[in-house]
Amino acid sequence: MRTLLSALAFSALAAPAAFAGDSSKVAIGSGIGGALGNVIGQQVGGSTGAAVGAGLGGAAGGVITARDGNKTEAALGGGLGAAGGSVIGGKLGGSTGSTIGAGLGGAAGGALGNEMANDSRRDDRGHYHDGHGHYHGDNGHHYGHKKHKHKHH
């Protein structure tokens, strides 16, 4: 239990420092989900169960914390990061290393997936487009429809 708490605290504090805004929430969600899934998976199926549990937990954490339009990328990043971190951490530090690796990998992967989703919707001025003619500033403020210039004949 002490391992789980230290892994959760470390992943919640260390990994989101490199990311801002929505991505820090996704990093925390994916990191905690990955670490919890890892611990449960270890109890059920050893190191293989830990990797599978970490992947599922990291993906679930990414989906829960990401905003609409970013959920798929956050889930993929969080799940793959947590599973990979679990395997690498397990090779380096046993079950404790596996849990810490799942937390850090899930956090980094979820935040990276979320940022990649954001980048694909930004225009040259840094505004987000939602695909419905609306655009939003970096702070999420809704600016309404883009103005179209009509030519008069």
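Buried denotes a residue with under 20% relative accessible area, exposed one with over 50%, and partly exposed one in between, for a 1.4 Å probe and protein chains only. By this criterion A117 is buried, because its relative accessible area is 2%.

The structure is a predicted model, in which local features need pLDDT of at least 70, side-chain atom pairs count only at pLDDT 80 or more, and totals for chains, interfaces and linings use all residues. Residues are numbered from 1 along each chain as its sequence is written, and side-chain values use heavy atoms, with hydrogens and water left out.

**Overall organisation**

The chain has 153 residues, of which 42% count as buried. Its secondary structure consists of 3 helices and 3 strands, and along the sequence these follow the pattern α-α-α-β-β-β. Helices (H or I, at least four residues) and strands (E, at least two) are DSSP runs, numbered from the N terminus.

**Two bent helices**

Helices α2 and α3 both have end C-alpha atoms that fall short of the span of a straight helix. The expected span is 1.5 Å times one less than the number of residues. The bend at a residue is the angle between axes fitted to the seven residues ending there and the seven starting there. The values for each helix are set out below.

| Helix | Number of residues | End C-alpha separation | Straight-helix span | Bend |
|---|---|---|---|---|
| α2 | 44 residues | 8 Å | 64 Å | about 145° at G45 |
| α3 | 49 residues | 14 Å | 72 Å | about 150° at G93 |

**Packing of α2 with α3**

Helix α2 covers residues 22–65 and helix α3 residues 71–119; their axes come within 10 Å and cross at roughly 40°. Axes here are lines fitted to C-alpha atoms, for helices over the stretch in contact, and angles run from 0 to 180 degrees between N-to-C directions. Angles under 35 degrees count as roughly parallel, over 145 as roughly antiparallel, 65 to 115 as roughly perpendicular and the rest as oblique. The two helices α2 and α3 are therefore oblique to each other. The residues of their contact comprise 18 nonpolar, 19 polar and 3 charged. In this classification Ala, Val, Leu, Ile, Met, Phe, Trp, Tyr, Cys and Pro are nonpolar, Asp, Glu, Lys and Arg are charged, and the others, Gly among them, are polar.

**Individual residues**

T48 belongs to helix α2 and S86 to helix α3. Although 38 residues apart along the chain, T48 and S86 have C-alpha atoms separated by 9.4 Å. T48 counts as exposed because its relative accessibility is 57%, whereas S86, at 3%, counts as buried. The side chain of S86 also makes a polar contact of 2.7 Å with the side chain of N38. A polar contact is a pair of N or O atoms within 3.5 Å; within protein, one must be able to donate a hydrogen and the other to accept it, and residues adjacent in sequence count only if both atoms are side-chain atoms.

G53 is another residue of helix α2, and is buried with a relative accessible area of 15%. Its C-alpha atom lies 9.5 Å from that of A102, 49 residues apart along the chain.

T65, also in helix α2, is partly exposed at 25% relative accessible area. The C-alpha atoms of T65 and K25 are separated by 6.1 Å, with the two residues 40 residues apart along the chain.

A117, introduced at the outset, is found in helix α3. Its C-alpha atom is 8.1 Å from that of A74, and the pair is 43 residues apart along the chain.
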